[in-house]
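Me: I want to know what stands behind the labels on this model. I will ask why each one applies, and you give the reasoning.

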Amino acid sequence: MDREEKITILKNAKQKVLNSLTTPRNSKATYKGSCLCKAVQFQVQGRLVPPDACHCTNCRKQSGHFFVSTDILRSALSTQGTDTITWYQSSEKVKRGFCSICGSLLFWDAIDSDHMGIAMGAFDLPTHTKIVAHIFTDYQGDYYEINDDIPKIPD
Ligand SMILES: [Zn+2]
Ligand SMILES: [Zn+2]
């Protein structure tokens, strides 16, 4: 699947998700979250971009299954307990942040980008969003099927 094709699929899927949401779309919304032990807490300003579910090996290894995260502008995030976050650099351009007390995976940060990912599981409910796509499904585990009608991007 080439880049154009992927972008088109994602764009269409995102529009579909956005159309299906019946919930607040105003940019003044604040979404809060934390790790399991609550030593790390965060707030995101503005509504949450529809997340994707990443089935790549790194995400599976670190999260314990596949990893669902939303993409936010770094400047929209404020964090408390940053001293407790451990950053693991998983590839040349990506570091992953987790709570060093309870182990919750929280952040996926692309170095050189003003955007970063936040684990959807860390958010308090409701999140007012829905998964838009499964990505890197060529690398998914062999112990589950993806049976929903959400688009799949193989690589
Ligand atoms: Zn914690
Ligand atoms: Zn991944």
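Me: What makes strands 1, 2 and 5 a sheet, and what is their order?
Reply: This is a predicted model. In it, three strands form an open sheet in the order 1-2-5, with antiparallel pairing. Pairing needs at least two bridges between strands. Strand 1 and strand 2 (residues 41-45) have five bridges, in the antiparallel sense. They therefore count as paired, since five meets the cut-off of at least two. One of the bridges sets Lys32 against Gln43 in strand 2.

Me: Why are strand 1 and strand 5 called edge strands?
Reply: Strand 1 (30-34) and strand 5 (77-80) each pair on one side only. From one strand to the next, the twist averages 15°.

Me: What is the order in the sheet of eight strands, and why do strand 6 and strand 11 count as its edges?
Reply: The order is 6-7-8-9-4-3-10-11, in an open sheet with mixed pairing. Strand 6 (85-91) and strand 11 (152-153) each have a single partner strand, so one side of each lacks a neighbour in the sheet.

Me: How do you know that the pairing is mixed?
Reply: Compare two pairs. Strand 3 (residues 52-54) runs parallel to strand 10 (residues 133-135), with three bridges joining them. There, Ala53 stands opposite His134. Strand 4 (residues 67-73) runs antiparallel to strand 9, with five bridges. Ser69 has Ala119 of strand 9 as its bridge partner. Parallel and antiparallel pairs both occur, hence mixed pairing.

Me: Which strands flank the hairpin with Asp112, and what is notable about its phi?
Reply: The hairpin is made of strand 8 and strand 9, with four residues between the strands. Asp112 takes a positive phi near 75°. Strand 8 (residues 105-110) pairs with strand 9 in the antiparallel sense over three bridges. Trp108 stands opposite Gly117 in strand 9.

Me: Why is strand 9 described as largely enclosed?
Reply: Four of the five residues in strand 9 (residues 115-119) are buried, so the rest of the structure largely encloses this strand. Buried means 20 or more other C-beta atoms within 10 Å.

Me: Which residues have the most contacts inside the largest nonpolar core?
Reply: That core has 28 residues, and Leu106, Ile118 and Ile135 are among those with the most contacts inside it. Strand 8 gives the largest share, four residues.

Me: What does Ile135 touch, leaving aside neighbours within four places in sequence?
Reply: Ile135 is in contact with Asp52, Ala53, Cys54, His55 and Ile153. A contact needs C-beta atoms within 7 Å, so each of these residues meets that cut-off.

Methods: Residues are numbered from 1 along each chain as its sequence is written. Chains are lettered from A and ligands numbered from 1 in the order in which they are written. This is a predicted model: local features need pLDDT of at least 70, side-chain atom pairs count only at pLDDT 80 or more; totals for chains, interfaces and linings use all residues. Axes are lines fitted to C-alpha atoms, for helices over the stretch in contact, and angles run from 0 to 180 degrees between N-to-C directions. A residue is buried if 20 or more other C-beta atoms lie within 10 Å of its own, exposed if 12 or fewer, and partly exposed in between; C-beta atoms are placed from the backbone. A nonpolar core is a set of buried Ala, Val, Leu, Ile, Met, Phe, Trp, Tyr and Cys residues joined through C-beta atoms within 7 Å. Two residues are in contact if their C-beta atoms, placed from the backbone, lie within 7 Å.
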